[in-house]
Amino acid sequence: MYGSFYGWYMKCQSDTQTLAVIPAVHGIGKRRTCSIQVITENGAWNVSFPGNAFHKIGQNISIGKNRFGKSGIRLAIQEPQLRVHGKLNFGPLSPLQYDIMGPFALLPFLECRHSVWSMRHSVSGIMFVNGQRYLLRNACGYWEGDFGRSFPKVYAWTQCFFKGGSLMLSVADIPLAGFHFNGVICVVLWKGREYRLATYLGAKAVWIQDGIIRIVQGNLELEARLLKKDGTQDDGQSLKAPTMGKMVRTIHESAACQAFYRFRKGKRTLFAFKTNGASFEYEYPV
(Lines give C-alpha, C1' and ligand atoms only; values in the text may rest on other atoms or scores of the structure.)
Protein backbone atom coordinates (compact mmCIF):
# COMPACT_ATOMS: atom_id res chain seq x y z
CA MET A 1 0.00 0.00 0.00
CA TYR A 2 1.36 3.40 -1.02
CA GLY A 3 1.55 6.25 1.42
CA SER A 4 0.37 9.73 0.62
CA PHE A 5 0.66 13.32 1.78
CA TYR A 6 -1.17 16.60 1.32
CA GLY A 7 0.23 19.93 2.44
CA TRP A 8 0.24 23.68 1.98
CA TYR A 9 3.06 26.20 2.06
CA MET A 10 1.97 29.66 3.21
CA LYS A 11 4.64 32.35 3.23
CA CYS A 12 4.21 35.80 4.78
CA GLN A 13 6.93 38.41 4.39
CA SER A 14 7.49 42.06 5.26
CA ASP A 15 10.53 44.19 4.49
CA THR A 16 12.23 42.89 7.64
CA GLN A 17 10.56 39.61 8.68
CA THR A 18 9.67 36.28 7.07
CA LEU A 19 7.32 33.63 8.42
CA ALA A 20 6.19 30.49 6.56
CA VAL A 21 3.81 27.83 7.83
CA ILE A 22 3.32 24.32 6.41
CA PRO A 23 0.23 22.38 7.55
CA ALA A 24 0.14 18.81 6.24
CA VAL A 25 -1.38 15.35 6.61
CA HIS A 26 0.57 12.21 5.76
CA GLY A 27 0.72 8.46 6.26
CA ILE A 28 -0.34 5.08 4.89
CA GLY A 29 -4.01 4.17 4.66
CA LYS A 30 -5.77 4.93 7.94
CA ARG A 31 -2.45 5.26 9.77
CA ARG A 32 -2.21 8.99 9.30
CA THR A 33 -0.54 11.75 11.25
CA CYS A 34 -0.47 15.46 10.58
CA SER A 35 2.00 18.22 11.29
CA ILE A 36 2.60 21.94 11.31
CA GLN A 37 6.04 23.23 10.39
CA VAL A 38 7.01 26.82 11.07
CA ILE A 39 10.04 28.38 9.40
CA THR A 40 11.52 31.85 9.87
CA GLU A 41 14.74 33.50 8.82
CA ASN A 42 16.25 32.26 12.09
CA GLY A 43 14.86 28.77 12.71
CA ALA A 44 12.45 25.96 11.87
CA TRP A 45 10.18 23.80 14.03
CA ASN A 46 8.00 20.77 13.46
CA VAL A 47 5.02 19.79 15.63
CA SER A 48 3.17 16.49 15.16
CA PHE A 49 -0.55 15.88 15.70
CA PRO A 50 -2.77 12.78 15.48
CA GLY A 51 -4.31 12.18 12.09
CA ASN A 52 -7.85 12.89 13.28
CA ALA A 53 -6.81 16.47 14.16
CA PHE A 54 -6.70 17.28 10.43
CA HIS A 55 -9.82 18.54 8.66
CA LYS A 56 -10.16 20.07 5.20
CA ILE A 57 -13.28 21.77 3.93
CA GLY A 58 -12.95 23.52 0.58
CA GLN A 59 -10.13 26.04 0.80
CA ASN A 60 -9.77 25.71 4.55
CA ILE A 61 -7.65 23.43 6.74
CA SER A 62 -7.77 22.98 10.49
CA ILE A 63 -5.32 21.07 12.67
CA GLY A 64 -6.50 21.19 16.25
CA LYS A 65 -6.99 24.85 17.16
CA ASN A 66 -4.98 26.03 14.16
CA ARG A 67 -6.72 27.41 11.07
CA PHE A 68 -5.49 27.97 7.52
CA GLY A 69 -7.35 29.25 4.46
CA LYS A 70 -8.05 32.05 2.04
CA SER A 71 -8.90 34.47 4.85
CA GLY A 72 -5.59 33.88 6.64
CA ILE A 73 -3.78 31.91 9.35
CA ARG A 74 -4.56 31.47 13.03
CA LEU A 75 -2.07 29.59 15.21
CA ALA A 76 -2.30 28.37 18.79
CA ILE A 77 0.57 25.98 19.54
CA GLN A 78 1.96 25.37 23.01
CA GLU A 79 4.73 22.77 22.89
CA PRO A 80 8.07 22.64 24.72
CA GLN A 81 9.99 23.44 21.55
CA LEU A 82 7.48 25.78 19.94
CA ARG A 83 5.07 28.35 21.32
CA VAL A 84 3.13 30.20 18.63
CA HIS A 85 0.00 32.28 18.82
CA GLY A 86 -1.54 35.00 16.72
CA LYS A 87 -3.55 35.74 13.61
CA LEU A 88 -2.62 36.89 10.11
CA ASN A 89 -5.29 38.17 7.72
CA PHE A 90 -5.04 37.80 3.94
CA GLY A 91 -6.26 40.25 1.34
CA PRO A 92 -7.66 39.18 -2.06
CA LEU A 93 -5.74 36.27 -3.56
CA SER A 94 -4.06 36.29 -6.98
CA PRO A 95 -4.61 32.80 -8.42
CA LEU A 96 -3.14 31.57 -11.69
CA GLN A 97 -5.01 31.66 -14.98
CA TYR A 98 -5.03 27.84 -15.00
CA ASP A 99 -3.54 24.84 -13.16
CA ILE A 100 0.25 25.11 -12.80
CA MET A 101 0.52 21.42 -13.78
CA GLY A 102 -1.18 22.04 -17.13
CA PRO A 103 -1.90 18.75 -18.97
CA PHE A 104 0.35 16.91 -16.50
CA ALA A 105 -2.50 17.26 -14.00
CA LEU A 106 -4.25 14.49 -15.97
CA LEU A 107 -1.35 12.03 -15.76
CA PRO A 108 -1.78 9.21 -13.22
CA PHE A 109 0.98 7.94 -10.92
CA LEU A 110 2.98 11.15 -10.60
CA GLU A 111 4.83 11.01 -7.28
CA CYS A 112 4.14 14.69 -6.54
CA ARG A 113 1.65 17.25 -7.85
CA HIS A 114 1.95 20.96 -7.31
CA SER A 115 -0.62 23.73 -6.94
CA VAL A 116 -0.38 27.50 -6.65
CA TRP A 117 -3.27 29.15 -4.81
CA SER A 118 -1.96 32.72 -4.81
CA MET A 119 1.13 34.35 -6.27
CA ARG A 120 0.82 37.50 -4.19
CA HIS A 121 -1.67 38.87 -1.66
CA SER A 122 -1.54 41.30 1.23
CA VAL A 123 -0.94 40.07 4.80
CA SER A 124 -1.60 41.93 8.04
CA GLY A 125 -1.57 40.85 11.68
CA ILE A 126 0.64 39.78 14.56
CA MET A 127 2.19 36.39 15.28
CA PHE A 128 4.39 35.48 18.25
CA VAL A 129 6.95 32.70 17.69
CA ASN A 130 8.77 31.63 20.85
CA GLY A 131 8.39 35.14 22.22
CA GLN A 132 9.46 36.97 19.06
CA ARG A 133 6.82 39.27 17.62
CA TYR A 134 6.12 39.19 13.90
CA LEU A 135 4.29 42.40 13.11
CA LEU A 136 3.14 42.25 9.50
CA ARG A 137 1.56 45.37 8.02
CA ASN A 138 1.06 45.63 4.26
CA ALA A 139 3.20 42.51 3.97
CA CYS A 140 3.14 40.05 1.07
CA GLY A 141 1.79 36.51 1.03
CA TYR A 142 2.34 33.48 -1.19
CA TRP A 143 0.39 30.20 -1.03
CA GLU A 144 1.09 26.88 -2.75
CA GLY A 145 0.47 23.21 -2.13
CA ASP A 146 1.74 19.70 -2.86
CA PHE A 147 0.18 16.26 -2.74
CA GLY A 148 1.19 12.77 -3.78
CA ARG A 149 3.53 10.13 -2.37
CA SER A 150 7.03 11.64 -2.23
CA PHE A 151 8.99 14.77 -2.93
CA PRO A 152 11.27 14.39 -5.99
CA LYS A 153 14.63 12.76 -5.38
CA VAL A 154 16.42 15.89 -6.54
CA TYR A 155 14.84 19.28 -7.09
CA ALA A 156 15.22 23.02 -6.70
CA TRP A 157 12.52 25.49 -5.72
CA THR A 158 12.52 29.21 -5.18
CA GLN A 159 9.99 31.96 -4.54
CA CYS A 160 10.49 35.69 -4.31
CA PHE A 161 8.50 38.91 -4.05
CA PHE A 162 9.83 42.00 -5.77
CA LYS A 163 8.63 45.44 -6.77
CA GLY A 164 5.88 44.97 -9.29
CA GLY A 165 5.61 41.22 -8.99
CA SER A 166 6.29 37.76 -7.65
CA LEU A 167 7.84 34.60 -9.02
CA MET A 168 8.08 30.89 -8.28
CA LEU A 169 10.24 28.30 -9.98
CA SER A 170 10.54 24.56 -9.46
CA VAL A 171 12.78 22.14 -11.35
CA ALA A 172 12.73 18.46 -10.43
CA ASP A 173 13.72 15.00 -11.58
CA ILE A 174 10.44 13.36 -12.67
CA PRO A 175 10.20 9.55 -12.96
CA LEU A 176 7.51 8.49 -15.41
CA ALA A 177 6.93 5.06 -16.96
CA GLY A 178 10.53 3.99 -16.40
CA PHE A 179 12.03 7.21 -17.75
CA HIS A 180 13.36 10.31 -15.99
CA PHE A 181 13.31 13.92 -17.12
CA ASN A 182 13.80 17.37 -15.61
CA GLY A 183 10.35 18.87 -15.18
CA VAL A 184 9.93 22.64 -15.02
CA ILE A 185 7.08 24.70 -13.64
CA CYS A 186 7.50 28.45 -13.26
CA VAL A 187 5.34 31.54 -13.03
CA VAL A 188 6.52 35.14 -13.16
CA LEU A 189 3.90 37.70 -12.18
CA TRP A 190 5.23 40.99 -13.52
CA LYS A 191 3.36 44.29 -13.83
CA GLY A 192 0.00 42.55 -13.85
CA ARG A 193 0.94 39.98 -16.49
CA GLU A 194 1.43 36.25 -15.92
CA TYR A 195 4.40 34.68 -17.69
CA ARG A 196 4.53 30.89 -17.51
CA LEU A 197 7.48 28.65 -18.27
CA ALA A 198 6.77 24.92 -18.10
CA THR A 199 7.83 21.62 -19.61
CA TYR A 200 4.43 21.29 -21.28
CA LEU A 201 5.06 24.66 -22.99
CA GLY A 202 8.56 23.73 -24.16
CA ALA A 203 10.63 25.05 -21.24
CA LYS A 204 14.00 23.40 -20.62
CA ALA A 205 16.42 23.63 -17.73
CA VAL A 206 19.64 24.42 -19.59
CA TRP A 207 21.71 24.82 -16.41
CA ILE A 208 21.34 23.41 -12.88
CA GLN A 209 24.62 23.61 -11.01
CA ASP A 210 26.24 25.34 -8.03
CA GLY A 211 22.97 26.93 -6.92
CA ILE A 212 22.29 28.38 -10.38
CA ILE A 213 19.15 27.52 -12.36
CA ARG A 214 18.60 28.76 -15.90
CA ILE A 215 15.33 28.10 -17.74
CA VAL A 216 14.73 28.79 -21.43
CA GLN A 217 11.40 28.70 -23.26
CA GLY A 218 11.32 30.21 -26.73
CA ASN A 219 12.49 33.82 -26.34
CA LEU A 220 12.01 33.77 -22.54
CA GLU A 221 14.88 33.09 -20.13
CA LEU A 222 14.82 33.10 -16.33
CA GLU A 223 17.91 32.74 -14.20
CA ALA A 224 17.77 32.17 -10.43
CA ARG A 225 21.02 32.18 -8.51
CA LEU A 226 21.38 31.23 -4.84
CA LEU A 227 24.17 33.50 -3.65
CA LYS A 228 26.86 32.52 -1.25
CA LYS A 229 27.10 34.25 2.10
CA ASP A 230 30.50 34.86 3.66
CA GLY A 231 32.06 32.49 1.15
CA THR A 232 29.77 29.54 1.94
CA GLN A 233 26.53 28.28 0.47
CA ASP A 234 23.41 29.11 2.50
CA ASP A 235 22.25 25.66 3.66
CA GLY A 236 19.03 26.96 5.20
CA GLN A 237 16.88 25.47 7.94
CA SER A 238 16.00 21.78 8.25
CA LEU A 239 12.46 20.75 7.32
CA LYS A 240 10.70 17.39 7.10
CA ALA A 241 9.52 16.13 3.70
CA PRO A 242 7.55 13.04 2.61
CA THR A 243 8.91 9.77 1.26
CA MET A 244 6.11 7.33 0.40
CA GLY A 245 3.83 9.32 2.68
CA LYS A 246 6.14 9.24 5.69
CA MET A 247 7.84 12.42 6.88
CA VAL A 248 11.27 10.83 7.15
CA ARG A 249 13.31 12.93 4.76
CA THR A 250 15.19 16.06 5.78
CA ILE A 251 15.41 18.90 3.30
CA HIS A 252 16.75 22.43 3.74
CA GLU A 253 15.09 25.73 3.03
CA SER A 254 16.29 29.27 3.37
CA ALA A 255 13.19 31.32 4.13
CA ALA A 256 14.93 34.64 3.45
CA CYS A 257 18.33 34.45 1.80
CA GLN A 258 20.46 36.23 -0.75
CA ALA A 259 19.63 35.47 -4.38
CA PHE A 260 19.84 36.99 -7.83
CA TYR A 261 17.12 36.81 -10.49
CA ARG A 262 17.13 37.87 -14.12
CA PHE A 263 14.24 37.60 -16.57
CA ARG A 264 14.74 38.20 -20.28
CA LYS A 265 12.46 38.33 -23.28
CA GLY A 266 14.52 38.17 -26.43
CA LYS A 267 17.35 40.68 -26.11
CA ARG A 268 15.43 42.77 -23.58
CA THR A 269 15.95 42.32 -19.83
CA LEU A 270 12.57 42.75 -18.12
CA PHE A 271 14.16 42.74 -14.67
CA ALA A 272 17.36 41.82 -12.88
CA PHE A 273 17.87 42.24 -9.16
CA LYS A 274 19.58 40.97 -6.05
CA THR A 275 17.56 40.42 -2.88
CA ASN A 276 17.96 39.30 0.71
CA GLY A 277 14.36 38.04 0.88
CA ALA A 278 14.38 35.00 -1.42
CA SER A 279 13.07 31.61 -0.34
CA PHE A 280 15.17 28.78 -1.72
CA GLU A 281 15.42 25.00 -1.58
CA TYR A 282 18.30 23.48 -3.54
CA GLU A 283 18.26 19.69 -3.29
CA TYR A 284 20.63 18.96 -6.17
CA PRO A 285 24.20 17.79 -5.46
CA VAL A 286 26.45 20.77 -4.77
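A residue counts as exposed when its relative accessible area is over 50%, and as partly exposed when the value lies between that and the 20% under which it is buried. The model on screen is predicted, and this tour passes through two loops and then a run of paired strands.

**Stop one: Lys191.** Select residues 179-198. Strand E14 (179-190) and strand E15 (193-198) are linked by a loop, and Lys191 is found in that loop. Show the backbone there: Lys191 is not a glycine, yet its phi is positive, about 55°. Now turn on the surface. Lys191 counts as exposed because its relative accessibility is 65%.

**Stop two: Asp210.** Move on to the loop between strand E16 (204-209) and strand E17 (212-217), where Asp210 lies. Here too a residue that is not a glycine, Asp210, has a positive phi of about 55°. Is Asp210 exposed or partly exposed? Its relative accessibility is 42%, so Asp210 counts as partly exposed.

**Stop three: E8 and E9.** Select strand E8 (residues 72-78) together with strand E9 (residues 83-90); the two pair in the antiparallel sense over seven bridges. Follow the chain from E8 into E9 and you pass through a hairpin of four residues. To check the register, pick Leu75, whose bridge partner in E9 is Gly86.

**Stop four: E9 and E10.** Keep E9 selected and add strand E10 (residues 112-129). E9 pairs with E10 in the antiparallel sense, again over seven bridges. For a register mark on this side, select Leu88, which stands opposite Gly125 in E10. While viewing the side chains, recall that in a regular strand they alternate between the two faces of the sheet.

Note on methods: Residues numbered from 1 in each chain as written. Predicted model: local features only at pLDDT ≥ 70, side-chain atom pairs only at ≥ 80, totals over all residues. Heavy atoms only, no water. Buried < 20%, exposed > 50% of the residue type's maximum accessible area, 1.4 Å probe, protein only. Pairing = 2+ DSSP bridges.
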